[in-house]
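Colleague: Hi! Could you walk me through this model before I head back to the bench?
Modeller: Happy to, let's pull it up.

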Amino acid sequence: KIWRPAWQDRQKTTVEIDKTPGSKIVRVIVKADLLKGDAEWKTVYSIFPDGRIKVENEMNALNGKHPMLMKFGMKMNLPKELDKVEWYGRGPHESYEDRKTSATVGIYNGEVKEQYHPYIRPQETGNKTDVRWMKLSGSDGRGILISSDMPLSISALHYLPEDLDDGDAKKQSHAGELEARDLTCLQVDYKQMGL
């Protein structure tokens, strides 16, 4: 519960641009104080001339006793037209840290709308574990490629996380009541807790 609004409730955010003379790489450093100063978040975006962006995240807990973090990563809302997905990781169905042995490592592809599983009550869905790379593209073949030296957990859906988990409200909604959004929500996580 405490982690849900942590980013929205941040106390202070700073952005620094580092362009070393003679270097073609631009670094954008974003720092934020979270949990009323009990934690610090730092993201470094290294932007290369060929269009690649290296993203490094770090969070340090400084004070207080807080419940375990359920996942650590980032979320991007992309155009809905990026509706084709291909990945090298576990598949073809969803998998989670504690439920992945039935999903074998391989190269899989499909449509983003196929990654959503209509559980009776909306909940976390569509995650892929042990992902080395994932590509989202449109009908013209252009898109975005996420890759990592370490296995990640990644999902791509036409729903936002809050569509699938309404938090404390615990409304008795059903999968058939959800409406797909006009976006593709890409979540890239270093780690997630098991179900």
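Colleague: Which strand gives the most to the lining of the second largest pocket?
Modeller: That's strand 9, with 8 residues in the lining. Keep in mind that this is a predicted model.

Colleague: Sure. How much space lies in that second largest pocket?
Modeller: About 1000 Å³. The pocket is lined by 24 residues, and the closest to its centre are Ile53, Lys54, Val55, Ile146 and Ser147.

Colleague: And which strands each supply at least two residues of the lining?
Modeller: Strand 4, strand 5 (71–78), strand 9 (143–157) and strand 10 (184–192) each do that.

Colleague: How does the lining of the second largest pocket split by class?
Modeller: There are 14 nonpolar residues, plus 5 polar and 5 charged ones.

Colleague: Okay, on to the sheet. What is the strand order in the open sheet of 6 strands?
Modeller: The order is 5-10-9-8-6-7, and the pairing is antiparallel. Strand 5 and strand 7 (104–111) are at the edges with a single partner strand each, so one side of each has no neighbour in the sheet. From one strand to the next, the twist averages 20°.

Colleague: How many bridges join strand 8 to strand 9?
Modeller: Strand 8 (residues 128–137) is joined to strand 9 by 7 bridges, and the two run antiparallel. One pair to look up there is Leu136, whose bridge partner in strand 9 is Ile144.

Colleague: Now the earlier part of the chain. In which sense do strand 2 and strand 3 pair?
Modeller: Strand 2 (residues 26–34) and strand 3 (residues 39–47) pair in the antiparallel sense, over 9 bridges. Asp33 stands opposite Glu40 in strand 3.

Colleague: What about the turn in the hairpin of those two strands?
Modeller: The hairpin has 4 residues between strand 2 and strand 3, and Leu35 in the turn has a positive phi of about 50°.

Colleague: And which residue stands opposite Lys42 in strand 4?
Modeller: Glu58 does. Strand 3 and strand 4 (residues 53–61) run antiparallel and are joined by 9 bridges.

Colleague: Which residue takes a positive phi in the hairpin of strand 3 and strand 4?
Modeller: That one is Gly51, with a phi near 100°. This hairpin has 5 residues between its strands. It also takes us back to the pocket, as strand 4 supplies at least two residues of that lining.

Colleague: Great, thanks for the tour!

Definitions and conventions:
Residues numbered from 1 in each chain as written. Predicted model: local features only at pLDDT ≥ 70, side-chain atom pairs only at ≥ 80, totals over all residues. Heavy atoms only, no water. Pairing = 2+ DSSP bridges. 1 Å grid on protein atoms, 1.4 Å probe; cavity = no way out; pocket = protein on both sides within 12 Å on 5 of 7 lines; lining within 4 Å. Points joined across faces, edges and corners; volume = space filled by probe spheres on them. Nonpolar A, V, L, I, M, F, W, Y, C, P; charged D, E, K, R; others polar. Axes fitted to C-alpha atoms, helices over the stretch in contact; angles between N-to-C directions.
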